[in-house]
Structures are given as structure tokens and as C-alpha cells.
Amino acid sequence: MKSYRKELWFDTTQRRQLINITPDVSSCIIESGIKEGLVLVNAMHITASVFINDDESGLHRDYEKWLEKLAPEKPHSQYDHNGFEDNADAHMKRQIMGREVVCAITKGELDFGPWEQIFYGEFDGKRRKRVLVKIIGE
Ligand code: ZN
């Protein structure tokens, strides 16, 4: 069995941002040389997510509204966590959107349904953060 590890770095300009990282993950699969196996993609921070859904801008605006209803950023003082930080909402948004995805690799490619895309969801951005890509297989 072969294994492969890589960190992808992101430096977002906004506090909240969704980035389609499917091409980055596909590049990792090619670089790994693995044709049959599994790829794990996880955020390495507790205020960011990795998830799979549609790359459709309306849906992404809907996520922003929905997450802001569930865990509004402001007022910062509404959260006990925000003593020295202001990111309690980001911890909660990440919990809802998830930490990681695991995808099948078949014939050297992501074995996806027609609209599946992998996203990095940043909820406390404007600083460098990373995603881990781990691939195992043959
Ligand atoms: Zn925090």
C-alpha cells in the first residue's frame, strides 16, 4: 500500500469564505500516483471546515444566511468563548459544516457524483490556515 501526505495553505481576504479545492485535491491524487484508494481531506483548524456540495453561488449565499441565523457573528459579547477572542461563531459554524471528507479514488480520479465538489469553508479568516490531504491505496 502506498501513502501520500500534503498540506494545502489558504490565506483568505475575508472572515468567511468558501473555496472550491477540488482541483487541488485532484492534483494531489495525480502526484500520489495512487489509482485505487481513499483520500481524506480535513481542516487542520477548529474554525474551518471541509465539506462536499454544489459549486453554485446562490447556494453559497444561502449557507452564509443560514449559518448566520444559527450562530450569528455579532454581537461578539453574546458568547462565553469571546473573552480573549471574537470567533465563537466560527467554532460553531465549523461544527455544523464538518471537519473532513473521505472520497473514493477509482482509476486515478475522484469517484464523484455529477455535482459533487470539495470546499474549504473558512469562518475566521484573514490569516494563513491549512488543510491536510492524506491518500492511501495502490
Ligand atoms: Zn476561539
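A residue is called buried when its relative accessible area is under 20%, exposed when that area is over 50%, and partly exposed in between, as computed with a 1.4 Å probe on protein chains only. By this scale Cys28 is buried, with a relative accessible area of 2%.

The model is predicted, and local features need pLDDT of at least 70, side-chain atom pairs count only at pLDDT 80 or more, and totals for chains, interfaces and linings use all residues. Residues are numbered from 1 along each chain as its sequence is written, and side-chain values use heavy atoms, with hydrogens and water left out.

**Cysteines**

A disulfide is taken to be a pair of cysteine sulfur atoms within 2.5 Å, and the structure holds zero of them. The two cysteines below are in no disulfide, and the table gives their accessibility and the nearest cysteine sulfur.

| Residue | Relative accessible area | Nearest cysteine sulfur |
|---|---|---|
| Cys28 | 2% (buried) | Cys103, 12 Å |
| Cys103 | 3% (buried) | Cys28, 12 Å |

**Helix α1**

Helices (H or I, at least four residues) and strands (E, at least two) are DSSP runs, numbered from the N terminus. Cys28 belongs to helix α1, residues 22-32, whose buried residues are Thr22, Val25, Cys28, Ile29 and Ser32. These buried residues lie on the same side of α1, because they cover an arc of only 120 degrees around the axis, the arc being that of the directions from the helix axis to the C-beta atoms. The face turned away from this buried side carries the exposed residues Pro23, Ile30 and Glu31, and just after α1 Gly33 takes a positive phi of about 75 degrees.

**Sheet**

Three strands form an open antiparallel sheet in the order β2-β7-β4, where two strands pair if DSSP finds at least two bridges between them. The edge strands, each pairing on one side only, are β2 (17-20) and β4 (48-53). Strand β7, residues 117-122, is joined to β4 by six bridges, and one bridge partner there is Ile118, which faces Ile52 in that role.

**Zinc site**

Donors are N, O and S atoms within 2.8 Å of the metal (3.2 Å for Na, K and Ca), and since water is not among the atoms, sites may look incomplete. The protein donors of the zinc ion are His81 (NE2), Glu85 (OE), Asn87 (OD1) and His91 (NE2), at 2.0 to 2.3 Å from the ion, and along the chain they follow the spacing H-x3-E-x1-N-x3-H. Of these residues, Glu85 is partly exposed, with a relative accessible area of 40%.
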